[in-house]
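Ready for a little practice in reading a structure? Take a look at the sequence and the model, then work through the exercises at your own pace.

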Amino acid sequence: MSTSADSLVAFGQQHVTKGLGRLTEAVMAKGEGSYVTFEDGRRMLDFSSGIGVTNLGHCHPKVSKAAADQCMNIVHVQCSISFHGPYLRLIEKLLPIMPDPSLDSFFFWNSGSEAIEASLKMARQITGRQNIIAMQGGYHGRTFGAMAVTKSKTVYSEGFFPLMPGVFAIPFPYWHQLGLPINTSEEELVRLSLYQLELVLKQQTAPRDTAAIIVEPVLGEGGYVPAPASFLKGLRAVCDKHGILLIVDEVQSGFGRTGKYFNLEYSGVRPDILTIAKGLANGFPLSGVVSRKELTDKLVPGSMGGTYAGNAVSCAAAVAVANAFREEKVLDNVSVRSSELLASLKSLREDSDVGNTIVDIRGQGLMIAVEFASPLYPTTDPALVSSAPKNLASRVAKRCMEKGLIILTTSLYEVIRFIPPLNISQGDLQKGCQIFAESVKEVVREG
């Protein structure tokens, strides 16, 4: 096989399954901090962080060294055979930063989807009930159970029905989901969503049949929409009233992404089950399901597990991630960079060249979204602007790529998401913001 960039791409196009989508037809060769280099020589600023994974930047030296050292000790310890040191040391590091002190029982797996699968199994076995209530716009993965509770886009489930039964959905308190004006009050959005939950429990799945409610505290693939604290507290109250478990998916929002270790710290809501992944090990495959011992003691030994669950190398990397967060004051950097990013985006929205094309800027920490207007929305959608250029989000993202910035769209709507490394420098953040602003202005001018 030839090693030229073009021939490698051609080989991949011929032999990699078509079911995988790609942002660019290129081969990534190296990552360092906030930058990646492709086989064709292009060096690009990365505002995707591997979709919210490399929170400490690519190939963080302390994390990579910890993994390399572990490789020379032991690589694979099967979780059904014995404990291993990195697994236990990781629990020791995570216990003090859990969003609630009740979270003291850990199971590590490989991916976010697997963590969701485990959480659904746990909820059913612990409660003796079957049904799950999910959120419209929520994303939890592409394995079978996770796909059933994913309601952000049909592309993830189209052609795979029948899905796992016993799943019901309510609107997330997001103006798009409820078909309301952009300036609708948070109080009204929450009231309507919780009312729909009440109806679902009376009309579709009785509380005695409902095992869990699953929610992202910030919608990921649904558009980077933070859940109001009052909504999460409302869910908690309903769960407490009916003996339903609250599963909170912090796979993308966790580990400093929104300015705190976990987004739940903003609301103070206690989850019964917490799912984590992505930034946990900064690129090494690792996820976790965290609950409280009084619940997990009800599980049958052997009902959880997996060949590579809690891999020793990944756990060693995650221990180094936890140390780096503390030693390098990463959360302090997120706070400063977040303010700079939001200021830059708000300045862009006020620019006369952009006009009324930006309808919303939202998010927390370095999990920020810009939503554009569209002439293609249904006539009932409040973000319909007939004069707006078509497909703004994807066109802006493509222009950014041409200028050396990797940035992603998200959701059914015209949304671009900002997920740069949490330790990004002021200079690199400014560079990315400048490329984004130039791209928006150029695309808007083109119409």
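The exercises below deal with a helix and with some salt bridges, and the model they use is a predicted one.

**Exercise 1. Check the span of helix α14 against the distance between its end C-alpha atoms.**

Solution. Start with the residues: helix α14 covers residues 426–446, which makes 21 residues. Next, apply the rise of 1.5 Å a residue; the expected span is 1.5 Å times one less than the number of residues, so α14 should span 30 Å. Finally, turn to the model: the end C-alpha atoms of α14 are 30 Å apart, which agrees. If you carry on just past the helix, you meet Gly 447, which takes a positive phi of about 75°.

**Exercise 2. Find out which residues of α14 are buried.**

Solution. The cut-off to use is a relative accessible area under 20%. The residues of α14 that count as buried include Leu 429, Ile 435, Phe 436, Val 440, Val 443 and Val 444. Asp 428, Cys 433 and Ser 439 are also on the list of buried residues, as are Gly 432 and Ala 437. Now try Glu 438, also in α14: at 32% relative accessibility, Glu 438 counts as partly exposed.

**Exercise 3. Work out what the salt bridge of Glu 438 ties together.**

Solution. First find the partner: the side chain of Glu 438 meets that of Lys 403, with 3.8 Å from N to O. Then place both residues: Glu 438 lies in helix α14 and Lys 403 in the loop between α13 and β15, so the pair ties together parts that are 35 residues apart in sequence. Lys 403 is partly exposed, at 31% relative accessibility. To finish, widen the view: Glu 438 and Lys 403 belong to a network of salt bridges that also links Arg 395, Arg 399, Glu 402, Glu 442 and Glu 446.

**Exercise 4. Describe the salt bridge between Glu 327 and Lys 62.**

Solution. Begin with the distance: the closest N and O atoms of the pair are 3.3 Å apart. Now locate the two ends: Glu 327 is in helix α11 (residues 312–327) and Lys 62 in helix α3 (residues 61–71), so this bridge ties together parts 265 residues apart in sequence. As for accessibility, Glu 327 is partly exposed at 47%, and Lys 62 is partly exposed at 40%.

**Exercise 5. Decide whether Arg 270 and Asp 272 are buried or partly exposed.**

Solution. These residues form a salt bridge, their closest N and O atoms being 3.0 Å apart. Arg 270 has a relative accessibility of 24%, and counts as partly exposed. Asp 272 has a relative accessible area of 2%, and is buried.

Technical notes: Residues are numbered from 1 along each chain as its sequence is written. This is a predicted model: local features need pLDDT of at least 70, side-chain atom pairs count only at pLDDT 80 or more; totals for chains, interfaces and linings use all residues. Side-chain values use heavy atoms; hydrogens and water are left out. Helices (H or I, at least four residues) and strands (E, at least two) are DSSP runs, numbered from the N terminus. Buried means under 20% relative accessible area, exposed over 50%, partly exposed in between (1.4 Å probe, protein chains only). A salt bridge is a side-chain nitrogen of Lys or Arg within 4 Å of a carboxyl oxygen of Asp or Glu.
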